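User: I am in my first year and would like to learn how the descriptive words used for a protein model follow from computed values. Could you take me through some examples with the reasons spelled out?

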Number of protein chains: 2
Amino acid sequence: MDWQHQDIQQAAQRLAPYHVLTPCLRNDYLDALSGAQLWFKCENLQRTGAFKFRGACNALLQLSQQQRQQGVFTVSSGNHGAALACAGQLLAIPVQVAVPNNAPQVKKDNIARYCQHITEIAPGMAAREQFINARQQQPGTLIPPYNHAHIIQGQATAAWELCQQQPQLDTLLAPLGGGGLLSGTVRVARSLGIEQVIGAEPANADDAYQSLRSGQLQPARPPESVCDGLLTSLGEHTFTILQAGLDRVLLVDDEQVIDAMQLLWLHLKMVVEPSSAITLAAVLAYPEYFSGRQVGIILSGGNVDLKRLPWH
Amino acid sequence: MDWQHQDIQQAAQRLAPYHVLTPCLRNDYLDALSGAQLWFKCENLQRTGAFKFRGACNALLQLSQQQRQQGVFTVSSGNHGAALACAGQLLAIPVQVAVPNNAPQVKKDNIARYCQHITEIAPGMAAREQFINARQQQPGTLIPPYNHAHIIQGQATAAWELCQQQPQLDTLLAPLGGGGLLSGTVRVARSLGIEQVIGAEPANADDAYQSLRSGQLQPARPPESVCDGLLTSLGEHTFTILQAGLDRVLLVDDEQVIDAMQLLWLHLKMVVEPSSAITLAAVLAYPEYFSGRQVGIILSGGNVDLKRLPWH
C-alpha cells in the first residue's frame, strides 16, 4: 500500500450515500480535565453503533456483480458482524455471520437485528478456522474484520471526515485492537501531515505494543480486558501500516478505562463502549503526549449492555 | 405576550456567542419502531447538560449593569440552578443557588461545578418561599426557573434552531413540567406555522393536563414520577401560552418512560434523563398523533446518576 490519499477519498465518496456523517463534539469539562482541546468523532452514532460499518460497506461496494449475488460471510463476535449484515441489507447482498457462542448478548442482538443467516460456533481460533475452511468450499466471499485493504480504506474515512470537520488538529488518537481503525487513521494522518498519531491498547491485550516494540508480529497472549472490541491481534497488513506510520502505543488498564467511560457518559452524554473510552483514558493517563494539543479522538462504538455496566 | 417571533430571533442572536448549537439526530431503528420520522434536538449536549442554559443565559443578558453587579439568585433542585450558575460564570455575574437538601446528588454536583455560593434549604414550597422572602431583603435579582418572559424566550430558541435545522417538520414534541420549554416551543410552532405541537407529561404529575382540561390553573396533587425534572407546576405565564397554543398533552406512566429511556440509550446512543425520554414514550404510546409524520423532539437534558439507573 502506498501513502497517497486518493483511495481514502474514493472510499469516502463511495460511502457517502450510505453512512452517517457523524458529528464531532467537544466538552468544556473534559478539556479542562485533560489540559488539551479534545474533539470526539462520534462513531457510536454510525449505523449499527460503530465505525465498522465504514469498512464493511466499502468492501461490499467493491465486489463484482457475481460476488454480490453469491453473497458474503464472516466470523465476528461483535460490531463487524452487525456492520456487514447492515451493509448487506442496504445493498441487497446476502450475508452470513458466524458468531462465537460466548459473544456479548448485546452484540449478538445487534447482529440479529440486520442478519437473517447467523451460525453459532464455538469460541476460539480453531472453531473459527474450521468454519471458514468449510464455508470456503461453497460460493461466497469472506469479508475479514480488519486485515484487508478495502476494510482499512473504509475505516480511514472516519479520521478523514474528522480532519475535514476540524482542520486544526495536530494529534489523532484511536483505539487499537486488530488495527483496522488505527491503520486507516495512520494513513490519514500521514497523508494530511498531522503531527502525531497514537493508539490506545488494553494493558492486558498488548500484542500490538509488543509487536511494534520487537519489530515482529507477536502471537497474542490470552487477552483479558473489559474492552471486548480490542481483544483481537494485529494482522500482517495492519502491522505493516502501523510499523511504518504510528508514533506510539499507550497501554491503559481496565480501571482507567471504566473511569473514562463514566466521564464520557456523564459529561459528553455519549453512550460509548469500553473499547472507545480507552482513548480518553489514555489522554488522562499520559498527559505528556496531549497537554496543550488539539486532539482528534475516534469514539469507535457504543454497543453496551445497559443492564451490565462495568461500574456496577 | 404576542405571537410574533422577533423576540425569539433576538434571543437566538443574544445566545449565539455562549450556547452550544446542539445537533439534531435521527435513527433508523427508532423511526421504524414508531412509524414516524423522528428528529431529536439533543439539548442533553447543551452547556450544563440541559436546555435550561438557554433561558438562564437569555435572562442574565438582559439585566442592567447595576443588576449584574448586584448578582442573581434562584431556588432549584436541578438543571436550572446549574444553568444559571454556568451562565453567571461566563458573564461574570455572581449567582446564589438555594438547593433543597433532597435534590438528586448528580444535580447537586452539577450545580456545585459552576457555583461558589450554594445554600441548602429544606424541601417543599414553604422553605422555598421563606428563602426567597428573606433573600429579597438584600440586593439581587430573582431569576425564576420557568415562569418568566425572558426564560421562555430563551427556551424557545431550542425549537427555533430545530426548525431551522429541519424545516420539513410538521409536529413538535417537548416534555411538560413547569411549561417553560413547552411554552417556548408553542410560540415557535405557531410563529412558523407548524401544524401540531404536543406536550408529554407524567401521568402522576399531571397538573398541566388537569389545568388545561378545566381551563383553570389547578394546584398540583403531590407529584410522583421518575421524571424528576417534570414535578413542578405550571405558572401563570406558561399556563396562558399553553392554553392559547398547545394542541394536546399526552400522559405517560413511569414504566413507559423507563422503556423509552433504554431505547434512546441503546439506539440513539444518547445519555438522556427520564424527563427527556418521556417524549419518545409518548410517541410510542400514542401512535395516532405521530404515525407518518415528521416529528421534532426536544431531548431536554442528560443529567443522570449513572450508579442509580431506573432499570436496575
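User: Why is Gln153(A) called buried?

Analyst: In this predicted model, Gln153(A) has a relative accessibility of 10%, and since buried means under 20% relative accessible area, Gln153(A) counts as buried. Gln153(A) lies in helix α8 of chain A and, leaving aside its neighbours within four places in sequence, is in contact with Asp7(A), Ala11(A), Arg14(A), Asn58(A), Gln62(A) and Arg187(A). Between Gln153(A) and Thr185(A) there are 9.4 Å from C-alpha to C-alpha, with a separation of 32 residues in sequence.

User: What makes α8(A) and α9(A) oblique to each other?

Analyst: Two packed helices are described by the angle between their axes and the distance between the axes. For helix α8 (residues 149-165) of chain A and helix α9 (residues 180-192) of chain A, the angle is about 50° and the axes are 7 Å apart. Angles under 35 degrees count as roughly parallel, while 65 to 115 counts as roughly perpendicular; the angle of about 50° fits neither of these ranges, and α8(A) and α9(A) are therefore oblique to each other. The crossing in which α8(A) passes α9(A) is right-handed.

User: Which residues of α8(A) and α9(A) meet?

Analyst: On the side of α8(A) they are Ile152(A), Gln153(A), Gln155(A), Ala156(A), Ala159(A), Trp160(A) and Cys163(A), and on the side of α9(A) they are Gly180(A), Leu181(A), Ser183(A), Gly184(A), Thr185(A), Arg187(A), Val188(A) and Leu192(A). By kind, the residues of this contact divide into 8 nonpolar, 6 polar and 1 charged.

User: Why are α5(A) and α6(A) described in another way, and what is the word for them?

Analyst: The axes of helix α5 (residues 79-91) of chain A and helix α6 (residues 105-114) of chain A cross at roughly 10° and come within 8 Å. Because angles under 35 degrees count as roughly parallel, α5(A) and α6(A) are roughly parallel to each other. Among the residues that make the contact are Ala82(A) and Ala85(A) of α5(A), together with Ile111(A) and Tyr114(A) of α6(A); the residues of this contact divide into 5 nonpolar, 4 polar and 2 charged.

User: What makes the pair of Trp265(B) and Trp311(B) edge-to-face?

Analyst: The structure holds 7 aromatic pairs over all chains. In the pair of Trp265(B) and Trp311(B), the distance is 5.2 Å centre to centre and the angle between the planes is 90°; rings pair if their centres lie within 6.5 Å, and planes over 60 degrees apart count as edge-to-face, so both conditions are met. The pair links distant parts of the chain, with Trp265(B) in helix α12 (residues 254-268) of chain B and Trp311(B) in the segment after β10 (294-299) of chain B, 46 residues apart. Trp265(B) counts as buried at 0% relative accessibility, and Trp311(B) is buried with a relative accessible area of 12%. Trp265(A), Trp311(A), Trp265(B) and Trp311(B) form one aromatic cluster.

User: How do you know whether Tyr289(B) is buried or partly exposed?

Analyst: The relative accessibility of Tyr289(B) is 23%, and because buried means under 20% and exposed over 50%, Tyr289(B) counts as partly exposed.

User: What makes helix α3 (residues 52-60) of chain B mostly covered?

Analyst: In helix α3 of chain B, 9 of its 9 residues are buried, including Phe53(B), Cys57(B) and Leu60(B). The buried residues of α3(B) pack against α1 (6-15), β2 (37-42), α4 (65-70), β3 (72-75), α5 (79-91) and α8 (149-165) of chain B.

Technical notes. Residues are numbered from 1 along each chain as its sequence is written. Chains are lettered from A and ligands numbered from 1 in the order in which they are written. This is a predicted model: local features need pLDDT of at least 70, side-chain atom pairs count only at pLDDT 80 or more; totals for chains, interfaces and linings use all residues. Side-chain values use heavy atoms; hydrogens and water are left out. Axes are lines fitted to C-alpha atoms, for helices over the stretch in contact, and angles run from 0 to 180 degrees between N-to-C directions. Helices (H or I, at least four residues) and strands (E, at least two) are DSSP runs, numbered from the N terminus. Angles under 35 degrees count as roughly parallel, over 145 as roughly antiparallel, 65 to 115 as roughly perpendicular and the rest as oblique. Contact means heavy atoms within 4.5 Å. Ala, Val, Leu, Ile, Met, Phe, Trp, Tyr, Cys and Pro count as nonpolar, Asp, Glu, Lys and Arg as charged, and the others, Gly among them, as polar. A crossing is left-handed if the near helix is turned anticlockwise from the far one by less than a right angle, and right-handed if clockwise. Rings of Phe, Tyr and Trp (its six-membered ring) pair if their centres lie within 6.5 Å; planes under 30 degrees apart count as stacked, over 60 as edge-to-face and the rest as tilted. Buried means under 20% relative accessible area, exposed over 50%, partly exposed in between (1.4 Å probe, protein chains only).
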